[in-house]
Amino acid sequence: MKVVSMSGSLRENVGKKDARDLRLQGRVPCVVYGGEKEIRFSAEAKDLIELFNKPEVCFVELDINGQKVKAVPQEVQFHKVTDSLLHVDFLELRDDRPISMAIPLVVTGNSVGVLKGGKLIKRMRRLQLRALPADMPENIVIDITKLDIADEVKVKDLCNEKYKIMGDMTAAVVSIKATRNVAASAEAPAAEGEAAEAK
């Protein structure tokens, strides 16, 4: 899993007024928990926004006044009207403690069904996984090369002994759907055959 670095500053005061003042300065109140004690700090809003806008998921190495903590975002609060960041909760990573993360799905290959004129339907973009930090993948790759029209990949097809997938195992992740053109081309030979038999 990729690790990105981010700096933060310990909060001297905790409260609504302090939080409001921090936001006016372009900073966001944060907390990291799961270790020996909670650490309340603030970070630059632009750094957090950049982190959350990344297409890939990653761990975060926080440098809080010289104290380094490896963590992962757990809960993000946004303003209901402005969508500005209000607060971020981080969970400190421990090698022996499983974590949960939404991991992106990456589709590769040229489907047999698509080459025949079918349409690729992506029903899910991410899957919620639970695993030890060392076993958490950056993404899950789905090779669709062998998928024909009406074929699909279900959640259960992506199971791995290193992680547990949270959710409905029977749900479709990607599928190849027949288009009108494919249906028409399939009906044409059948109609020709029936016409020939009628003669």
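Trainee: Let's start with helix α1. Which residues of α1 are buried?

Mentor: Happy to begin there, and keep in mind that this is a predicted model. In α1, which spans residues 16–24, the buried ones are D18, A19 and L22. They share one side of α1, because the arc they cover around the axis is only 100 degrees.

Trainee: And which residues are exposed on the other side of α1?

Mentor: Over there you will find K16, K17 and L24 exposed.

Trainee: What covers the buried residues of α1?

Mentor: The cover includes two strands, β2 (27–33) and β3 (39–44). Look just past the helix as well: G26 follows α1 and has a positive phi, near 80 degrees.

Trainee: How should I read a positive phi? What is the general idea?

Mentor: For most residues other than glycine, phi is negative. That makes a good filter when you scan the backbone. Try N65: this residue is not a glycine, yet its phi is positive, about 55 degrees.

Trainee: Where is N65 placed, and is N65 buried or exposed?

Mentor: N65 sits in the loop that links β4 (59–64) with β5. Its relative accessibility is 53%, so N65 counts as exposed. A150 is another case, a non-glycine residue with a positive phi of about 80 degrees. You can find A150 in the loop between β10 (140–143) and β11 (152–154). With 63% relative accessibility, A150 counts as exposed too.

Trainee: Now a different loop residue. Where does A171 lie, and is A171 buried or exposed?

Mentor: A171 belongs to the loop between β12 (164–166) and β13 (172–177). The cut-off for buried is under 20% relative accessible area, so A171, at 19% relative accessibility, counts as buried.

Trainee: Which residues is A171 in contact with, leaving aside neighbours within four places in sequence?

Mentor: Those contacts are M124, V153, K154 and V155. You can also check a backbone distance: the C-alpha atoms of A171 and E152 are 9.8 Å apart, with these positions 19 residues apart along the chain.

Trainee: Let's turn to pockets. What does rolling a probe over the atoms show?

Mentor: A probe the size of a water molecule, rolled over the atoms, shows where empty space is left. In this structure, the largest pocket holds about 330 Å³ of space. Its lining has 14 residues, and V57, P73, M101, A102 and R126 are the closest to the pocket centre.

Trainee: Which elements each supply at least two residues of that lining?

Mentor: One helix and three strands do: α2 (45–52), β5 (67–78), β7 (99–108) and β9 (126–131). By type, the lining residues of the largest pocket are eight nonpolar, three polar and three charged.

Trainee: Finally, the overall picture. How many helices and strands does the protein have?

Mentor: There are four helices and 13 strands. For the overall form, compare the radius of gyration with a reference: a compact globule of 199 residues would have a value near 16 Å, but this protein has 24 Å. Along the principal axes, the C-alpha atoms fill a box of roughly 90 × 40 × 25 Å.

Trainee: What share of the residues counts as buried?

Mentor: Of the 199 residues, 33% do. For the contacts, take those between residues at least 6 apart in sequence: 65% of them join residues at least 24 apart.

Technical notes
Residues are numbered from 1 along each chain as its sequence is written. This is a predicted model: local features need pLDDT of at least 70, side-chain atom pairs count only at pLDDT 80 or more; totals for chains, interfaces and linings use all residues. Side-chain values use heavy atoms; hydrogens and water are left out. Buried means under 20% relative accessible area, exposed over 50%, partly exposed in between (1.4 Å probe, protein chains only). The arc is that of the directions from the helix axis to the C-beta atoms. Contact means heavy atoms within 4.5 Å. On a 1 Å grid over the protein atoms alone, a cavity is a set of points where a 1.4 Å probe fits but cannot get out, and a pocket is an open set with protein on both sides within 12 Å along at least five of seven lines; lining residues have an atom within 4 Å of a point. Grid points are joined across faces, edges and corners, and a volume is the space filled by probe spheres set on the points. Ala, Val, Leu, Ile, Met, Phe, Trp, Tyr, Cys and Pro count as nonpolar, Asp, Glu, Lys and Arg as charged, and the others, Gly among them, as polar. The radius of gyration is taken over C-alpha atoms; the globule rule is 2.2 Å times the number of residues to the power 0.38.
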